[in-house]
Structures are given as C-alpha cells and as structure tokens.
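Reader: I'd like to learn how to read salt bridges and helix packing. Can we work through an example together?

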Amino acid sequence: MRGDVMKSNALRLKDVNPAHPPAPHLAASHHWSAGDYIVLSLNPEPFEQIISGRKHFEYRTRFRRSRFVAFIYVTRPVQQIRAVMECGDPIFGSARKIADFAEHDQPGNRRAIYDYLASSGKGCAIPIVRTREFEPLTLARMRKDFGFSPPQFYSALEKTPDFLEFLLSYAAQSRMK
C-alpha cells in the first residue's frame, strides 16, 4: 500500500472527535503506516466503557510495544466492527505495578486487573487517546467480502492491505454514531 494513501487516511483519523484530549506525548503530526493498524477484539462491556469515555486504558498481559490504531471488533453477541481507536505507547510493568496504575485511573479496579495479570506476573496499560464510533460493519459482510475471521486477541492489518484500505475508507465515510 502506498505511503501517501496511508498519510491521507491518517489525517482523517486525526479529525475524529476524541473521547479524551490527546495525550501530550503523542505528536500531533504522527503519520501512520500500514504496520500501525490492527483489528482488536473487545467484549461488549469494555467496548461500551471505552466509547462512553469511562475507560481510559486497555489492559493486556502482553501487547505491541508502540502506539497503534485499532478497528474495534466487538465480540458475541454483537459481532461487528463498531469503532476506530487511537492508542498511545503501552506502559509495561509487573502485575502489581499495572494494577496500582489501574486503581489510580479507576478507583476500585485494582483487584480485577491484578487477578487478570497475576498468572503472567506482568502486563501493560494501553492509553486510549481518542475513539470514533461509526456505522457497524457486520461479521457476515467482512467474511463474505474479505474472508475475515475475528481475532481472539488482535490481528495486524498490514498483511491484508485491501481490507485495511476498505476499513479506512469505511470509517471515514460512515456516519458517526
């Protein structure tokens, strides 16, 4: 995929209505490459918390090392891509450190995050910079048109440039919810 196409699509993502102001450490002129885009699977409840602005971080036991843009696939019973989300550089640490971080961000969240991370002993907090919800894209359509299978965790979109280009165009042209 051509770099100038990615830059023009990245500009569209910068114009989204942020759920929160951009984190100060993110450069306003950051240009996204194909390797920066993923499809991220989320359960319906965390998705709703992110869209409503109540959830500022996504927690994972392991993840990518740098900022990214995720098209959010909401799992059963929804089974749709519903939004695009820009995320900052993940913050890595021990299960205890990340749980303390979660408690600071959302009081009462420490135990749940610690329990989630305890088996691996480590994890990361991924800053959610901004989100944009758009008209849902159904699993049936993605399977039919692109052979899409929802990831358990996440999948990189650089391996499927046609699907990435479609998602960028779809998100840019869809009405905001």
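Reader: Does R130 count as buried or exposed?

Author: Buried means under 20% relative accessible area, exposed over 50%, and partly exposed in between (1.4 Å probe, protein chains only). R130 has 12% relative accessibility, so it counts as buried. Keep in mind that this is a predicted model, where local features need pLDDT of at least 70, side-chain atom pairs count only at pLDDT 80 or more, and totals for chains, interfaces and linings use all residues. Residues are numbered from 1 along each chain as its sequence is written, and side-chain values use heavy atoms, with hydrogens and water left out.

Reader: Which residue forms a salt bridge with R130?

Author: A salt bridge puts a side-chain nitrogen of Lys or Arg within 4 Å of a carboxyl oxygen of Asp or Glu. Here R130 pairs with E86, with the closest N and O atoms 2.8 Å apart. That pair ties together distant parts of the chain: E86 sits in strand β4 (residues 80–87) and R130 in strand β6 (residues 122–138), 44 residues apart. E86 is buried too, at a relative accessible area of 10%.

Reader: Which residues do shared salt-bridge partners join into one network?

Author: K55, E58 and R60. K55 meets E58 at 2.7 Å, N to O, and E58 meets R60 at 3.0 Å. E58 has a relative accessible area of 6%, so it's buried.

Reader: And the helices: at what angle do the axes of α3 and α4 cross?

Author: Axes are lines fitted to C-alpha atoms, for helices over the stretch in contact, with angles from 0 to 180 degrees between N-to-C directions. Those of α3 (residues 95–105) and α4 (residues 110–118) cross at roughly 155° and come within 8 Å.

Notes:
Helix = DSSP H or I, 4+ residues; strand = E, 2+ residues; numbered from the N terminus.
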